[in-house]
Each structure stands twice: as structure tokens, then as C-alpha cells.
Amino acid sequence: MNSEIATDNSQTRGTPEDKAALINAINQIFAEFELVYHNQYNKAYPNKEKENYAKKIWLSNFRDHQAAVVLAAAHRAIKESEYLPTVRGLLKYCTDSYGLPDARSAYIEACQAPSPKQGFHWSHPVVYHAGVACNWHFLASHSEQQALPVFRRHYDALCERVLAGET
């Protein structure tokens, strides 16, 4: 394990065990990426200094995620992508691993769902809860241009809570 990333626990949240697990996951991901994407990896991280800095960036971006989810997302990225994943790309794989639709698809689902809303079969419970947080009447009575940003704010906040392990 790399000592530079291992000693920088200020960027992670949770218990010391959660922090250690995330650090180990990031280190494992980088080791696997180096093997799978050898040439791309060496071009992106030509020396240990750049690699260590990148690991710190990844650690800060995944600090709210469970190590197992991040590792599973990396394995999925390896299977599905011929290119070295970015932080944003891996975050998308994390979200997808929970079956969360993108914000606009969730918004459309929330707007088109029939009443009673609780009885509807939602693609994910987060969509329903984002609709509740926005207020169903607000969604029905405002244009997409006005309502989607409000819905997206609630939806993204709820997605972050799910990705952090909340049920």
C-alpha cells in the first residue's frame, strides 16, 4: 500500500476501518488499472508523484462511497471500457450499480407516474422520495425548465445518501 495515500485520512469520512478499506480499494484499483490499461496508465501517470496525486484526488472524490461499491464499479469499468476510466466515469458506474436512473429519466418518471404515487412501481425508491421532496403539485404545475433543476437538486442529494450506504 502506498504510504502517501495511506496517511492522508483527512479526505475520507466514516470509521477508521471504512477509511482504511477505501484507501485499500483505491490502491487496488490503481494496481489493476496499471495491468489492464498498461500503455494508457503509464501515459496518464508517468511517475509515482503523479500517481500519488491522482490517488489523493480519487480518494477525495470517493470518500462518501463504500469501498466495495467503488471496487465493484472499477471491475465493471474494466469489463466494459477499453479506455482508462476517469473519476467521473467511475462515479457513473457506482451510481449504475445501485440501479439509479439519471436525473432527467428520474424526473420524467416522477412526472408521468399515476396517482396514487405510493402504489406506483418505481424504478428506484429514490425517484419517489425526490418527487415527495419537490412536492408532486410543484412538478405537475411547473415547466421542465423550472422544475427539473429543483428535482435534480433533491434527487442528487438522495443519490449521494444511497451511495454513502443509506437505505
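Contact here means that heavy atoms lie within 4.5 Å. With that in hand, a reader can begin at a single residue of this predicted model and work outwards. Leu-71 sits in helix H5, which covers residues 67-80, and, leaving aside residues up to four places away in sequence, Leu-71 touches Ala-25, Gln-28 and Ile-29. The C-alpha atoms of Leu-71 and Ala-25 are 5.9 Å from each other, although 46 residues separate the two along the chain. Because its relative accessible area is 17%, and the limit for a buried residue is under 20%, Leu-71 counts as buried.

The partners of Leu-71 include Ile-29, and Ile-29 leads to another pairing, since this residue of H2 is also listed among those that meet H4. Two packed helices are described by the angle between their axes and the distance between the axes. For helix H2 (residues 16-36) and helix H4 (residues 48-61), the axes come within 10 Å and cross at roughly 130 degrees. This angle makes H2 oblique to H4, and the crossing of the two helices is right-handed. On the H2 side the contact is formed by Leu-22, Ile-23, Ile-26, Asn-27, Ile-29, Phe-30 and Phe-33, and these meet Glu-51, Ala-54, Lys-55, Trp-58 and Leu-59 of H4. Sorted by character, the residues in this contact of H2 with H4 comprise 9 nonpolar, 1 polar and 2 charged.

How do these helices fit into the chain as a whole, and how many helices and strands does the chain have? There are 10 helices and 0 strands, so that, by the way elements are assigned, the order from the N terminus reads α-α-α-α-α-α-α-α-α-α. Along its principal axes, the C-alpha trace spans about 55 × 35 × 25 Å. The chain has 167 residues, of which 38% count as buried. Among contacts with a separation of 6 or more, 67% are accounted for by residues 24 or more positions apart.

The cysteines call for separate attention. A disulfide is a covalent bond between the sulfur atoms of two cysteines. Searching the whole structure yields 0 disulfides, and Cys-94 accordingly takes part in none, its nearest cysteine sulfur being that of Cys-159, 12 Å away. Why is Cys-134 not bonded to Cys-111, whose sulfur is the closest cysteine sulfur? The two sulfurs are 8.8 Å apart, which is too far for a bond, because a disulfide requires a pair of cysteine sulfur atoms within 2.5 Å. Cys-94 is buried, with a relative accessible area of 0%, and Cys-134 is likewise counted as buried, at 7% relative accessibility.

Two details of the backbone remain, both of them in loops. Most residues other than glycine have a negative phi, and most peptide bonds are trans. The bond that joins Ser-115 and Pro-116, however, is a cis peptide bond, with omega at about -5 degrees, and Pro-116 is found in the loop between helix H7 (103-112) and helix H8 (125-134). Beyond H8, in the loop between it and helix H9 (136-141), comes Asn-135, whose phi is near 90 degrees, a positive value in a residue other than glycine. Asn-135 is partly exposed, because its relative accessible area of 41% falls between the buried limit of 20% and the exposed limit of 50%.

Technical notes
Residues are numbered from 1 along each chain as its sequence is written. This is a predicted model: local features need pLDDT of at least 70, side-chain atom pairs count only at pLDDT 80 or more; totals for chains, interfaces and linings use all residues. Side-chain values use heavy atoms; hydrogens and water are left out. Helices (H or I, at least four residues) and strands (E, at least two) are DSSP runs, numbered from the N terminus. Buried means under 20% relative accessible area, exposed over 50%, partly exposed in between (1.4 Å probe, protein chains only). Axes are lines fitted to C-alpha atoms, for helices over the stretch in contact, and angles run from 0 to 180 degrees between N-to-C directions. Angles under 35 degrees count as roughly parallel, over 145 as roughly antiparallel, 65 to 115 as roughly perpendicular and the rest as oblique. A crossing is left-handed if the near helix is turned anticlockwise from the far one by less than a right angle, and right-handed if clockwise. Ala, Val, Leu, Ile, Met, Phe, Trp, Tyr, Cys and Pro count as nonpolar, Asp, Glu, Lys and Arg as charged, and the others, Gly among them, as polar.
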